[in-house]
Amino acid sequence: MTTPSGTQQAILAGGCFWCTEAVLKDVRGVQKIESGYIGGHTPNPDYRSVCSGATGHAEAVRVTFDPAQVDFRDLLGLFFATHDPTSLNRQGADTGTQYRSAVFPLTPEQDAQTREVIADLTAQGAFDRPIVTTIEPASTFHVAEDYHQDYYANNPRQPYCVAVIAPKVAKLRTYYADRLKG
């Protein structure tokens, strides 16, 4: 989806939205990331209801990016490299459909590119197990409560951040340093 400023948006669910936000926020070309909920059936979901698993929503991020600096395919590459797309409804200790790996394409091009990237990763044998990331129709994106925005930056010493998010951010900085903001 192209916005009036020439930027585009993508919606990605890689388990915990705190992790996906922290990993992608420092990528060159990413202008804004919002944590939120998508793909469910309950109007106006909140964190408590989504965590119960009863709403059908996934924790996801909406990424606003400049395609001249980072394109959708590159974002997908970083997304797949920094979470486990082979675990069904689970990321680490977080279990339930709210933690599923999913892409919510906003355009037919994003849908096609997502399918191509998954096919390429599968053909390359990039993972030891099959990719279970779903491609789901985009629906209303509900922005999460304020305290979920920039969670890692605001809570770097919180035990979950230290144990789960920090290693993902370190992986990005080690293996993809050339993709980060200066």
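**Note on the predicted model: sheet, cavity and pocket**

1. In this predicted model, strand β6, which covers residues 101-103, is joined to β7 by two bridges, and the two strands run parallel. Within this pairing, Val103 is the residue that stands opposite Ile135 of β7.

2. The pairing just described belongs to an open sheet of six strands, whose order is β7-β6-β1-β3-β2-β8 and whose pairing is mixed. The edges are formed by β7, at residues 134-135, and by β8, at residues 142-143, each of which pairs on one side only. Helix α1, made up of residues 17-24, packs on this sheet and touches β1 (8-14), β2 (30-38) and β3 (58-65), while its direction makes about 170° with that of β2.

3. On the annotation, UniProt lists residues 9-161 in an unreviewed entry as "domain: Peptide methionine sulphoxide reductase MsrA". In the model, the C-alpha atoms at the two ends of this span lie 26 Å apart, and the span is 31% helix and 22% strand.

4. As for enclosed space, a search of the whole structure returns one cavity of 30 Å³ or more, and the volume of the largest cavity is about 50 Å³. Its lining consists of Gly14, Cys19, Thr20, Val23, Leu24, Phe79, Thr82, His83 and Lys168. Helix α1, the helix that packs on the sheet, gives the most to this lining, with four residues. Sorted by class, the lining of the largest cavity holds four nonpolar, four polar and one charged residues.

5. The largest pocket, by contrast an open feature, has a volume of about 160 Å³, and the residues that line it are Arg73, Asp74, Leu76, Gly77, Leu78, Ala81, Val117, Asp120, Leu121, Gln124, Tyr176 and Arg179. Two or more of these residues come from each of α3, at residues 72-81, and α4, at residues 108-124.

6. Which element gives the most to the lining of the largest pocket? That element is α3, with six residues. In terms of class, the lining of the largest pocket divides into six nonpolar, two polar and four charged residues, whereas the lining of the largest cavity has one charged residue beside its four nonpolar and four polar ones.

Notes. Residues numbered from 1 in each chain as written. Predicted model: local features only at pLDDT ≥ 70, side-chain atom pairs only at ≥ 80, totals over all residues. Heavy atoms only, no water. Pairing = 2+ DSSP bridges. Contact = heavy atoms within 4.5 Å. Axes fitted to C-alpha atoms, helices over the stretch in contact; angles between N-to-C directions. 1 Å grid on protein atoms, 1.4 Å probe; cavity = no way out; pocket = protein on both sides within 12 Å on 5 of 7 lines; lining within 4 Å. Points joined across faces, edges and corners; volume = space filled by probe spheres on them. Nonpolar A, V, L, I, M, F, W, Y, C, P; charged D, E, K, R; others polar. UniProt positions renumbered as here; feature names shortened; annotations may be inferred.
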